[in-house]
Amino acid sequence: MAIQIFDPALCCATGVCGTEVDQSLVTFAADLEWARGQGATVERYNLAQQPLMFADTPAVSAFLAVAGEEGLPLILVDGLVVLTGRYPSRRELARFAGLAEPSPIKGIAKGCCSGSGCC
């Protein structure tokens, strides 16, 4: 199954840049890398860098006409809208890609810089 992620306008391709990085983007970047490593087909588009993809994808342009950029991110699986307004979890990515459910990561606290030493 092909997963397409349509991001709002971000400063870079992943949004993981600058001095104040959104932890949800860091977590999603790691989850996305995991899914790709498991063989998932994932394409990611940034509104600031690839606006024509948004305009040329019927489901996305229709969504933006109703919800606007505030409704992003938008996730499509094989062209169908499966999630809006937030990034999917690793478990959701696995389901969208038809992968086995991921096992929990032991010894890592939630949030990268929570004092667990994982940064």
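# Exercises on a predicted protein model

Pro-73 is found in the loop between α3 (58–67) and β3. Helices (H or I, at least four residues) and strands (E, at least two) are DSSP runs, numbered from the N terminus. The model is predicted, so local features need pLDDT of at least 70 and side-chain atom pairs count only at pLDDT 80 or more, while totals for chains, interfaces and linings use all residues. Residues are numbered from 1 along each chain as its sequence is written, and side-chain values use heavy atoms, with hydrogens and water left out.

## Exercise 1: The loop before β3

Determine which peptide bond at Pro-73 is cis.

*Solution.* Step 1. Locate Pro-73 in the loop between α3 and β3. Step 2. Examine omega: the bond that joins Leu-72 and Pro-73 has a value of about 10 degrees and is cis. Step 3. Set this beside the general rule. Most residues other than glycine have a negative phi, and most peptide bonds are trans.

## Exercise 2: The overall plan

State how many helices and strands the protein has, and give their pattern along the sequence.

*Solution.* Step 1. Count the elements: there are four helices and four strands. Step 2. Read them along the sequence, which gives β-α-β-α-α-β-β-α. Step 3. Consider burial, where buried means under 20% relative accessible area, exposed over 50%, and partly exposed in between (1.4 Å probe, protein chains only). Of the 119 residues, 36% count as buried. Step 4. Consider contacts, meaning heavy atoms within 4.5 Å. Among contacts with a separation of 6 or more, 57% come from residues 24 or more positions apart.

## Exercise 3: The sheet

Establish the order of the strands in the sheet and identify the edge strands.

*Solution.* Step 1. Apply the pairing criterion: two strands pair if DSSP finds at least two bridges between them. Step 2. Write down the order, which is β2-β1-β3-β4 in an open sheet of four strands with mixed pairing. Step 3. Identify the edges: β2 and β4 (80–84) each pair on one side only. Step 4. Compare the directions of the pairs. β1 and β2 run parallel and are joined by six bridges, whereas β3 and β4 are antiparallel over four bridges. Step 5. Find bridge partners: Ala-2 stands opposite Thr-41 in β2, and Leu-74 has Thr-84 in β4 as its partner.

## Exercise 4: The turn between β3 and β4

Explain what is notable about phi at Asp-78.

*Solution.* Step 1. Place Asp-78 in the loop between β3 and β4. Step 2. Count the residues between the strands of this hairpin: there are two. Step 3. Read phi, which is near 50 degrees, a positive value in a residue other than glycine. Step 4. Classify the accessibility: at a relative accessible area of 49%, Asp-78 is partly exposed.

## Exercise 5: Helix α1 and its cover

Describe the span of α1, list its buried residues, and state what covers them.

*Solution.* Step 1. Compute the expected span as 1.5 Å times one less than the number of residues. Step 2. Compare: α1 (residues 23–37) has 15 residues and reaches 21 Å from its first C-alpha to its last, close to the 21 Å expected. Step 3. List the buried residues, namely Leu-25, Phe-28, Asp-31, Leu-32, Trp-34 and Ala-35. Step 4. Name the cover, which includes β1 (2–7), β2 (41–46) and α4. Step 5. Note what follows the helix: Gly-39 has a positive phi, near 105 degrees.

## Exercise 6: An aromatic pair

Classify the aromatic pair formed by Phe-6 and Phe-54.

*Solution.* Step 1. Recall the criterion: rings of Phe, Tyr and Trp (its six-membered ring) pair if their centres lie within 6.5 Å, and planes under 30 degrees apart count as stacked, over 60 as edge-to-face and the rest as tilted. Step 2. Apply the criterion: the centres are 5.1 Å apart and the planes make 85 degrees, which is edge-to-face. Step 3. Locate the partners: Phe-6 is in strand β1 and Phe-54 in helix α2 (residues 51–56), 48 residues apart. Step 4. Check burial: Phe-6 has a relative accessible area of 0% and is buried, and Phe-54 is buried at 1%. Step 5. Extend the pair to a cluster, which Phe-6, Tyr-45 and Phe-54 form together.
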